[in-house]
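Here are some exercises to work through with the model open beside you. Try each task before reading its solution.

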Amino acid sequence: MQNKYKLKYAILFILITVMAFIAYSMLVEYNYEKLKSNILNTNDINKKILVENSKEYPKIKQILNNINLYPISLVNLASNNIEAIDFVADYPKYTKKIVRGDISVKEDYKKGEIPLFLQWDKRWGYDKYGDEFIAVNGCGPTSLAMVAVGLTGNTDINPKAVANYSRKNGYLVNKVGTKWSIMIEGAKHFGIMGREISLSESIIISNLQNGHPIIASMGSGEFTSEGHFIVLSGISNDGKIIVNDSNSKIKSEKTWDIDVFMKESKNLWAFDRI
């Protein structure tokens, strides 16, 4: 008899739990639909884009339902870069952390290759670079870190370490970004030598063929709507440029015609180990 009662209570408990979950899900969906309606009636373009993408990317609902927990620059990042949605969605978890472990990039490094580091990697993307997050404006330090680790094999170097050095030594201009001078002066601190090179197809190809990665400051076009540093890391078998873009895995997996860089590059620096 006791077993029969236990079974009944167990079934009842399961039913109540399921009903509570359904009720909670309905409430969350109702709140989201209400929020969605309010957003669509505003002029906030970035939030409207998130609403439009929310069916395909469920974590966007988490962001919008808890919008007050997210800095506006991270909301805009999720809107402008679908690859960074999971990173942005997990931001509240980061704010609850008290102690963070040391950053390791040992698994990213392979001798003879330039590793791909992403600005919005959780190992450093939530950390500040001046008054912004590395995830948002850390393309300069992240690009320099990729080149430095690739050429020297020093895995103590990472985007956060370069960002800290840049900020402390005056290479960061708040609300603007990283000064070009870090590519020559600051690079030495990380065991590499940078030199400015001409915007020439033959010079670009020659440097890459000789194992000298190039950091490009890009203008509006394929990689940015404003300004952005990327790494040209090599040449593919079909003669196209291999790119390490700190803001995109997808773009880093493609190869690119050199014409893109001839049209959109504002400046170039080639690097070698000191």
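**Exercise 1. Find out how many bridges join E7 to strand E8, and which way the two strands run.**

Solution. This is a predicted model, so treat each step as a reading of a prediction.
- Start with the pairing: strand E8 covers residues 241-244, and four bridges tie E7 to E8. The two run antiparallel.
- Now pick out one pair: Gly234 has Ile242 in E8 as its bridge partner.
- Then look at the connection: E7 and E8 make a hairpin, with five residues between them. In the turn sits Gly239, whose phi is positive, at about 85 degrees.
- Last, check how enclosed E7 is: six of its eight residues are buried, so E7 is largely enclosed by the rest of the structure.

**Exercise 2. Work out which residues of E6 are buried on each side, and which strands E6 pairs with.**

Solution.
- Begin with a rule of thumb: in a regular strand, side chains alternate between the two faces of the sheet.
- Sort the residues by side: Ile214, Ala216 and Met218 go on one, Ile215 and Ser217 on the other. Both faces are covered, and all of these residues are buried.
- Draw the conclusion: five of the five residues in E6 (214-218) are buried, so this strand is largely enclosed by the rest of the structure.
- Go to one partner strand: E6 and E7 run antiparallel and are joined by five bridges. Met218 is matched with His228 in E7, and Ile215 with Val231.
- Go to the other: E6 also pairs with E10, again antiparallel and over five bridges. Here Ser217 stands opposite Asn267.

**Exercise 3. Describe the largest nonpolar core: how many residues does it have, and which have the most contacts inside it?**

Solution.
- Recall the general trend: nonpolar side chains tend to be buried together in soluble globular proteins.
- Count the members: the largest core here has 30 residues, and Leu144, Met183, Ile192, Ile215 and Phe271 have the most contacts inside it.
- Ask where they come from: helix H8 (139-152), helix H9 (159-168), strand E7 (228-235) and strand E10 (265-273) each provide at least two residues. H8 gives the largest share, eight residues.
- Zoom in on Leu144: beyond its neighbours within four places in sequence, Leu144 contacts Val162, Ile182, Met183, Ala187, Ile192, Ile215 and Phe271.
- Look elsewhere too: apart from this core lies another, with 23 residues, including Leu74, Ala78, Val88 and Trp120.

**Exercise 4. Three residues sit in loops: Ser54, Val105 and Ser200. Decide whether each is buried or exposed, using the cut-off that buried means under 20% relative accessible area.**

Solution.
- Ser54 is in the loop between helix H2 (45-53) and helix H3 (59-65). Its relative accessibility is 4%, so Ser54 counts as buried. A polar atom of the Ser54 side chain is 2.7 Å from the backbone oxygen of Val51.
- Val105 belongs to the loop between helix H6 (91-95) and strand E1 (128-129). At 1% relative accessibility, Val105 is buried too. Leaving out residues up to four places away in sequence, Val105 touches Phe117, Arg123, Trp124, Thr155, Ile157 and Asn158. Take Arg123: 18 residues separate it from Val105 along the chain, and their C-alpha atoms are 9.4 Å apart.
- Ser200 is in the loop between strand E5 (192-197) and helix H10 (201-209). With a relative accessible area of 18%, Ser200 counts as buried. Its side chain makes a polar contact of 3.0 Å with the side chain of Ser202.

**Exercise 5. Explore the largest pocket: what is its volume, and which element gives the most to its lining?**

Solution.
- Get the volume: about 1100 Å³.
- Find the middle: 35 residues line this pocket, and Val136, Asn137, Thr224, Glu226 and Gly227 are the closest to its centre.
- List the elements giving two or more residues to the lining: helix H4 (72-80), helix H7 (134-137), H8, strand E4 (177-178), E7 and helix H11 (249-253).
- Pick the top contributor: H4, with four residues.

Conventions. Residues numbered from 1 in each chain as written. Predicted model: local features only at pLDDT ≥ 70, side-chain atom pairs only at ≥ 80, totals over all residues. Heavy atoms only, no water. Core = buried A, V, L, I, M, F, W, Y, C linked by side-chain atoms within 4.5 Å. Buried < 20%, exposed > 50% of the residue type's maximum accessible area, 1.4 Å probe, protein only. Contact = heavy atoms within 4.5 Å. Pairing = 2+ DSSP bridges. Polar contact = N/O pair within 3.5 Å; in protein donor to acceptor, adjacent residues only side chain to side chain. 1 Å grid on protein atoms, 1.4 Å probe; cavity = no way out; pocket = protein on both sides within 12 Å on 5 of 7 lines; lining within 4 Å. Points joined across faces, edges and corners; volume = space filled by probe spheres on them.
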